[in-house]
Structures are given as C-alpha cells and as structure tokens.
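Trainee: I would like to go through the empty spaces and the ligand site, with the criterion behind each term.
Mentor: Then let us take the terms one at a time.

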Amino acid sequence: MTLRPNIAQMAGYVPGYQPDDAASYIKLNTNENPYPPSPRVIEAILSEVGEGLRRYPDAASRAAREEAGRLYGFDPSWIIMANGSDEVLNNLIRAFAGEGEEIAYVHPSYSYYGTLAEIQGAKVRTFGLSENFEPQGIPENYQAKLFFLTNPNAPLGFCYSQRYIADLAERLSGVLVVDEAYADFADEDSLDLVRSLENVVVTRTFSKSYSLAGMRLGLAIARPETIAALNKIRDHYNLDRLAQAAAAAALKDQEYFRACVAKIRETRTWFTAELVKLGYQVIPSSGNYVFATPPDRDGTRVYQALYERRILVRHFTDPALSHGLRITIGTPEEMARTVEALAEIGA
Ligand SMILES: Cc1ncc(COP(=O)(O)O)c(C=O)c1O
C-alpha cells in the first residue's frame, strides 16, 4: 500500500472543538448561530421525512437554486448548491489548480484552503497583512490559478473595500474566490463583482447566518461556464432531500433571517464596547465573532480561564494570532456572562 506522498506528509485540518456535552458550555468557539433555524425550515425538513426518502434527491437542487437566484438576483445557471461551502471550495481547487500549480490566500484567514491544496498537490502561497490589514506583496500580474479572499476576514473580522477586491481581481490572471461565509453580518458583499468581472466567484454558507451548520449547506455564485465545470466535479447527489428542502425554506424566510442577523449585530456592538471597557483591543468586526486581545496579550491564559468556567472560545496557536481570542457572538445572556467571566479573570 503506497499513499501519495502529499497525503502521507500532510497533517490534516483540525476543526474547532465540538464537546460531547456541548449544552453544558457557553459555546462560542465555532461561529455557530445561537438562535434556532427558522420554524419554516424545520417544517420543510419534517415534510421530507417519510416514504419519499427511498427516492434519490433532485441532482440539480433546482428548488434551492431558484430560491437563491430570486434572492440574489441571478439566473439559477449562475448558482451551484454545495454540501457545506467547504465542498465547493474543494471543487474550485480541483477545477482550477492542477498538481504543482499555485493557489494563494491571505494569512491569517481560513487555513482549510491550504489543506485542500495539499490534497490536490497544488502549491500554496500566502500573503501577510500590514498594520492596516492590507495584504502585502501580491505581484502586479499575479499568475496563481486561484486566490481565496475571505471577506469579512476570519478570524479577524475586518472587511476589504469593494474597490480593493475589484482591483485585486483585475490584477489576477486566475480566479478570485471571495469567501463570503460571514458576509450576511457585514454591510457589503461582492455579488455585483460577480456580474461585472469574469474571474470573480462568491461562496456562501448556511452554517452561520441561517443557523444550519448541522445540515451542511453552502453555495457558490459564478459565471455559468464556471458553474458548469463545478457541476462536473461534484458528487451528483451532493445535497440530500432534507438539505434541499431546508435550503429553499431558509432562503425564503427572509423575515426570520433578517431578525436573527440584526440581533447578532446588535449583540456584537454591545459586546465589543464591553470588551473595550475591560481594556481589550478589539478589531471592529463585520462577522458573527470578534477577535479580541487581552491587555497582557496572553490569549492562552484567558482561553484556559474561560474554559475552566465552561465558556469555550477559539484560541489559535499560530504566532500571528496566539495573543488573542476569536469569540463567537452568542445570545445577549451568553455574552453578558462572558463579560462577567472576563472581568473576574482580569488582565
Ligand atoms: C471563512 C470560512 N469559509 C468557509 C467555512 C466553511 O463553512 P461550511 O460550514 O459551509 O462548510 C467556514 C467555516 O467556519 C469559514 O469560517
């Protein structure tokens, strides 16, 4: 038995900790939504449970794509549904970057792009950030096959301007993937750039703003030629019947969605101000999380102290991030308890 060398050597991605007894924690470590999915989503899923499950689902996820098309203003031929946005990120690499070819992303951002590239045998190049969050050293006529730009940035929470993103797309000969996992919590998105620039692809997830991390749902919006290529690569029945029903119902219930997002944004503002009062440095966030640095810049200490109080947040050992913590925005009550705990823990 001989593994491909890149698979033998790679470490594999380590997702955020999911404890068995999650209900006994205040769980603010994987950017899940503290509110339940829309009641319409639950109804739609339940209505699929039954005899009909013996049949394969619609291979084209038509109902969900049509709903997404209506919401975002695109023909469904510009949309592909995915089993979590991770699936479509993977298929983008498989479609555009061959073995030995280069893909790129900003460091820090979502390190899973690197793992996916390793699996493919593609080369990875990362670009660091300046003090004011400008990616550094991207060549003028950059030839990478794919550039992943996480916007809002995760885990830091800041946003790039649409002007910056358009300029970057124009400097790239390859594809610019704007990973908008958190864009529903921001003021802007790049959907207009998908319309105006050939090489821009936007990816979205239902895991955060639609409270559906457990369903594994995402989508991508791109030119029909790109969508057609991605359709050749994906598993033909990538979305099961329950997921398709959930996706369509979630996108349809915009009233519920908007109320949830508004609550999270409001709590984010409150929590940020409280952290600042405690002496933390907080990057203004456009996501459903904040990146916060304690006064002594000892992220490990505060992580441990919160953990002892059964509050789970995300600490990264990466030296670019180890001074701080990424804290998901939960309910107002959860965030008030977190503020109390942080005050007790002290600087
Ligand atoms: C920036 C970013 N992109 C993509 C994903 C993957 O989302 P999904 O749950 O849809 O696979 C995540 C999940 O945390 C993320 O943070």
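Trainee: How many cavities of 30 Å³ or more does a search of the whole structure find?
Mentor: The search finds 2. This is a predicted model, where local features need pLDDT of at least 70, side-chain atom pairs count only at pLDDT 80 or more, and totals for chains, interfaces and linings use all residues. Residues are numbered from 1 along each chain as its sequence is written, and side-chain values use heavy atoms, with hydrogens and water left out.

Trainee: What makes a space a cavity and not a pocket?
Mentor: On a 1 Å grid over the protein atoms alone, a cavity is a set of points where a 1.4 Å probe fits but cannot get out, whereas a pocket is an open set with protein on both sides within 12 Å along at least five of seven lines. The largest cavity has a volume of about 60 Å³, taken as the space filled by probe spheres set on the points, which are joined across faces, edges and corners.

Trainee: Why is Y256 called a lining residue of the largest cavity?
Mentor: Lining residues have an atom within 4 Å of a grid point. Y256 is on that list, so it has such an atom; P36, D253 and C260 are also among the residues listed. Helix 10 (residues 254-277) supplies the largest share of this lining, 3 residues; a helix here is a DSSP run of H or I with at least four residues, numbered from the N terminus.

Trainee: What is the volume of the largest pocket, and which residues are closest to its centre?
Mentor: About 1200 Å³ of space lies in the largest pocket. Of its 46 lining residues, Y13, P15, G16, Y110 and R314 are the closest to the centre. Helix 5 (112-120) is one of the helices that supply at least two lining residues, and helix 5 gives the most, with 4.

Trainee: How do you know that the ligand belongs to this pocket?
Mentor: A molecule sits in a pocket if more than half of its atoms lie within 2 Å of the grid points. The space taken by the ligand is the largest pocket, so the ligand meets that criterion.

Trainee: Why is the pair between S207 and the ligand called a polar contact?
Mentor: A polar contact is a pair of N or O atoms within 3.5 Å. An N or O atom in the side chain of S207 is 2.6 Å from an oxygen atom of the ligand, so the pair qualifies. The side chain of T205 likewise places an N or O atom 2.5 Å from a ligand oxygen.

Methods:
A polar contact is a pair of N or O atoms within 3.5 Å; within protein, one must be able to donate a hydrogen and the other to accept it, and residues adjacent in sequence count only if both atoms are side-chain atoms.
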